[in-house]
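Here's a quick tour of the model, starting with its charged pairs and moving on to the sheet and the helix that packs on it. Have the 3D view open as you read.

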Amino acid sequence: MAALAGSSVKVPSCNGALIYAQAADSSMNAQGENTQFYTCLWQYEDGYHVDIYTQFDIVSGGLENLSKDLVRGLIGDSSQFIPRTIASIRNNLKALNAEASLVTAYPSNFESLLNNYQEQQ
């Protein structure tokens, strides 16, 4: 969607990663929203490191999007599900008895959102 709108899509480079996975949540495409997930699994001498990148695109503004923008103003957009998805990956790793800890998150409020999802499980 972003490429069609004239912006460039950035894809993380996982050169040398043991596993690279890409997933798209297209469930909200009709509402002008698109979420991409990129995951890289790196093997190290003492274990593994997982990098998760996300890209969220949204089309808004203009008369054709007025009703969608009004609804988003009331209930939010689908980007609110990104921390839940990342927390689910972390929790699934923990269920496999893998030590999983957050090293860093961007934007910074993602860390508190991820921790909230940990407490709810």
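Search the whole structure of this predicted model and you find two salt bridges. One of them joins glutamate 33 to arginine 72, with the closest N and O atoms 2.8 Å apart. That pair ties together distant parts of the chain: glutamate 33 sits in strand E2 and arginine 72 in helix H1 (residues 66-75), 39 residues apart. In the other, the side chains of arginine 72 and aspartate 69 meet at 2.7 Å, N to O. Here the partners are three residues apart in helix H1, which means about one helical turn separates them. This fits the usual geometry: an α-helix has 3.6 residues a turn, so residues three or four places apart point the same way. Taken together, Glu33, Asp69 and Arg72 are linked in a network of salt bridges.

How buried or exposed is each member of that network? Here's the rundown:

| Residue | Relative accessible area | State |
|---|---|---|
| Glutamate 33 | 3% | buried |
| Arginine 72 | 11% | buried |
| Aspartate 69 | 26% | partly exposed |

Now for the sheet. It's an open one with three strands in the order E1-E2-E3, paired antiparallel. E1 and E3 stand at the edges with a single partner strand each, so one side of each has no neighbour in the sheet. From one strand to the next, the twist averages 15°.

Strand E1 (residues 19-25) pairs with E2 over seven bridges, in the antiparallel sense; within this pairing, alanine 21 has threonine 39 of E2 as its bridge partner. On the other flank, E2 and strand E3 (residues 47-58) share 12 antiparallel bridges, and the two form a hairpin with two residues between them. Glutamate 33, already met in the salt bridge to arginine 72, has isoleucine 58 in E3 as its bridge partner. Further along, cysteine 40 stands opposite aspartate 51 in E3.

Why call E2 largely enclosed by the rest of the structure? Because nine of the 12 residues of this strand (residues 33-44) are buried.

That leaves helix H2, which lies across E2 and E3 and runs at about 160° to E3. Its 14 residues (82-95) should span 20 Å at 1.5 Å a residue, and the end C-alpha atoms are indeed 20 Å apart. The buried residues in H2 include Ile82, Pro83, Ile86, Ala87, Arg90 and Asn91. Just after H2, asparagine 97 takes a positive phi of about 65°.

Notes:
Residues numbered from 1 in each chain as written. Predicted model: local features only at pLDDT ≥ 70, side-chain atom pairs only at ≥ 80, totals over all residues. Heavy atoms only, no water. Helix = DSSP H or I, 4+ residues; strand = E, 2+ residues; numbered from the N terminus. Expected span 1.5 Å × (residues − 1). Buried < 20%, exposed > 50% of the residue type's maximum accessible area, 1.4 Å probe, protein only. Pairing = 2+ DSSP bridges. Axes fitted to C-alpha atoms, helices over the stretch in contact; angles between N-to-C directions. Contact = heavy atoms within 4.5 Å. Salt bridge = Lys/Arg side-chain N within 4 Å of Asp/Glu carboxyl O.
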